[in-house]
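I opened this notebook to record, residue by residue, what I looked up in the structure. The entries follow the order in which I went through it.

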Amino acid sequence: MVDILSCSLDELRGLFEKFGEKPFRANQVFDWVYNKRAQSLSEMTNLSKGLRERLEKSLAFPVMDIAQRQVSSDGTEKFLLALEDGNYIESVLLKHPDHTTFCISSQVGCPLNCSFCATGASGFTRDLTPGEIVGQVVLMEREQGRPVDNIVFMGMGEPLLNEDSVYKAIDILHEPAGRNLGMRHFTISTAGLPDGIRRLADSGRELKLSISLHSVDDTVRSDMMPVNRKYPLPVLKEALEYYQARTGNRLTFEYALVEGLNDSVDDALRLAEYLKGLKSFVNVIPVNPVNAIHKRPTDAKIQRFIETLKSKRLETALRYERGTDIAAACGQLRQRKGGRAWKGEEA
Ligand code: SAH
């Protein structure tokens with residue numbers, strides 16, 4: 001059996017040819033799945049019944065269920081999704097007045113173990129397949145009855161540790177015969193893996209790249225993000241310079257402000273210094289506390305941090321944490337249910 005959502009258009013065309021069918025039938029299937037939101041081959045009425053029956057023997061629609069759904073007072077919706085093998089992932093739908101952003105997962109859990117992140121605390125289980133990445137979007141658009149506008153890889157997992165599946169999923173959703181979502185509507189968020197950043201630059205994919213920076217002090221950053229021990233800040237900066245020289249694209253930096261850790265005026269000044277020479281935008285986000293150690297700074301301190309960045313002519317915005325009342329920080333929902341013990345449990 002082939003998972004239909006893991007199939008590129010070319011692969012599906014190949015499959016139709018193997019069946020002695022015209023390859024353009026694959027384009028029709030793409031339209032059914034990604035635009036008409038069909039959930040089975042039997043709905044694809046412009047394919048003959050005989051063909052549909054034959055396809056059913058080789059093409060499977062993977063099952064993904066909403067195990068739990070929470071709606072925040074600010075409209076943010078968080079979903080716990082059950083995968084076919086009993087694992088769970090999370091995704092979050094952010095509704096804005098004029099668009100929706102869908103935050104999806106790339107792995108079950110995450111191996112990077114960032115100290116402030118709920119996903120890291122529950123460990124790494126496995127990579128998602130392309131179909132499971134595409135499937136989150138397909139499920140949500142079906143659920144909402146309308147397309148989502150932007151896709152961000154800020155759910156569970158590190159996308160640059162699952163590059164093949166992530167890029168295949170993006171290419172499938174980008175396919176003009178199907179969902180036709182523009183490259184600039186995808187954002188990959190990374191903890192900062194230099195090789196992956198270079199490969200993305202070389203790939204020619206014009207998607208948006210966001211770096212989870214959080215500190216420009218190697219000691220502090222290594223403490224918050226163990227991956228920094230392997231790829232310290234100067235190494236990361238070289239990769240970012242390469243990326244920008246290659247693509248010309250602006251980089252977004254995520255900076256989660258934690259009381260007493262990375263929130264001083266001096267931290268802001270050093271951040272501005274680190275970003276010198278890079279076309280950048282800094283999202284300052286008061287940390288969403290997932291443990292007793294990482295606390296949100298006072299509003300006055302947050303404002304002072306932002307003002308310091310602005311005084312250094314950095315483009316920046318304060319992103320208020322959304323969905324805190326429903327634990328929308330990635331990994332929190334799964335964690336509350338007991339992390340990996342959730343596997344196979346009744347939702
Ligand atoms: N592994 C990728 C993508 C997943 S995390 C990455 O590191 O970018 C998505 C974003 O949420 C990252 O910027 C991450 O640092 C941030 N994040 C995780 N836990 C958080 C928390 N408790 N408060 C604020 N931001 C958090």
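**Entry 1: Ile197 and its surroundings**

I began with Ile197 in this predicted model, and, leaving out residues up to four places away in sequence, I found that Ile197 touches Leu160, Thr190, Gly192, Leu209, Ile211, Leu236, Ala239, Leu240 and Tyr243. I then placed Ile197 in helix H7, which runs over residues 194–203. Is Ile197 buried or exposed? I noted a relative accessibility of 0%, and because buried means under 20%, Ile197 counts as buried. I also looked up one C-alpha distance, and the C-alpha atoms of Ile197 and Gly109, which are 88 residues apart along the chain, are separated by 21 Å.

**Entry 2: Thr190**

Since Thr190 is among the residues that Ile197 touches, I turned to Thr190 next and found it in strand S10, residues 186–190. Thr190 is buried, with a relative accessible area of 1%. Not counting residues up to four places away in sequence, Thr190 touches Glu158, Leu160, Ile197, Leu209, Ser210, Ile211 and Ser212. I noted that Leu160 is one of the residues listed for Thr190, and that Leu160 is also one of those listed for Ile197.

**Entry 3: the ligand**

Which residues come nearest to the ligand? Of the 16 residues around it, I wrote down Phe116, Ser189, Ser212, His214 and Asn288 as those that come nearest. By class, I recorded 7 nonpolar, 7 polar and 2 charged residues in the shell around the ligand. For the oxygen atoms of the ligand I looked up three distances: a polar side-chain atom of Ser212 lies 2.6 Å from a ligand oxygen, a polar side-chain atom of His214 lies 2.6 Å from a ligand oxygen, and a backbone N or O atom of Thr190 lies 3.4 Å from a ligand oxygen. I added that the protein covers 91% of the 540 Å² of accessible area that the ligand has on its own.

**Entry 4: Ser215 and Asp217**

I looked at Ser215 and placed it in the loop between strand S11 (208–212) and helix H8 (218–224). Asp217 is found in the loop between S11 and H8 as well. Ser215 has a relative accessibility of 2% and therefore counts as buried. What lies 3.1 Å from a polar atom of the side chain of Ser215? I found the backbone nitrogen of Asp217 at that distance. Not counting residues up to four places away in sequence, Ser215 touches Val220, Arg221, Met224, Leu233 and Tyr255.

For Asp217, leaving aside its neighbours within four places in sequence, I listed Leu233 and Arg270 as contacts. The side chains of Asp217 and Arg270 are joined by a polar contact of 3.4 Å, and the side chain of Asp217 also reaches the backbone nitrogen of Thr219 at 2.8 Å. The C-alpha atoms of Asp217 and Leu112, 105 residues apart along the chain, are separated by 18 Å.

**Entry 5: His99**

I found His99 in the loop between strand S5 (88–95) and strand S6 (100–103). With 26% relative accessibility, His99 counts as partly exposed. Leaving aside neighbours within four places in sequence, His99 is in contact with Leu94, Asp149 and Asn150, and a polar contact of 3.0 Å joins the side chains of His99 and Asp98. The C-alpha atoms of His99 and Ser122, 23 residues apart along the chain, are separated by 32 Å.

**Entry 6: two positive phi values**

I checked Asn113, for which phi is near 55 degrees, a positive value in a residue other than glycine. Asn113 sits in the loop between strand S7 (107–109) and helix H4 (118–121), and it is partly exposed, with a relative accessible area of 44%. Arg313 likewise has a positive phi, near 60 degrees; I placed Arg313 in the loop between helix H12 (299–311) and strand S14 (315–318). Arg313 is exposed, with a relative accessible area of 78%.

**Entry 7: domains**

Last, I looked up the division of the protein into domain 1 (2–60) and domain 2 (64–326). Their centres, taken over C-alpha atoms, are separated by 34 Å. How many residues does the contact take from each domain? I recorded 15 residues from domain 1 and 18 residues from domain 2.

Technical notes
Residues numbered from 1 in each chain as written. Predicted model: local features only at pLDDT ≥ 70, side-chain atom pairs only at ≥ 80, totals over all residues. Heavy atoms only, no water. Near = heavy atom within 4 Å. Polar contact = N/O pair within 3.5 Å; in protein donor to acceptor, adjacent residues only side chain to side chain. Areas by Shrake-Rupley, 256 points an atom, 1.4 Å probe, with all protein chains shown as cover. Nonpolar A, V, L, I, M, F, W, Y, C, P; charged D, E, K, R; others polar. Helix = DSSP H or I, 4+ residues; strand = E, 2+ residues; numbered from the N terminus. Buried < 20%, exposed > 50% of the residue type's maximum accessible area, 1.4 Å probe, protein only. Contact = heavy atoms within 4.5 Å. Domains from an automatic or database assignment.
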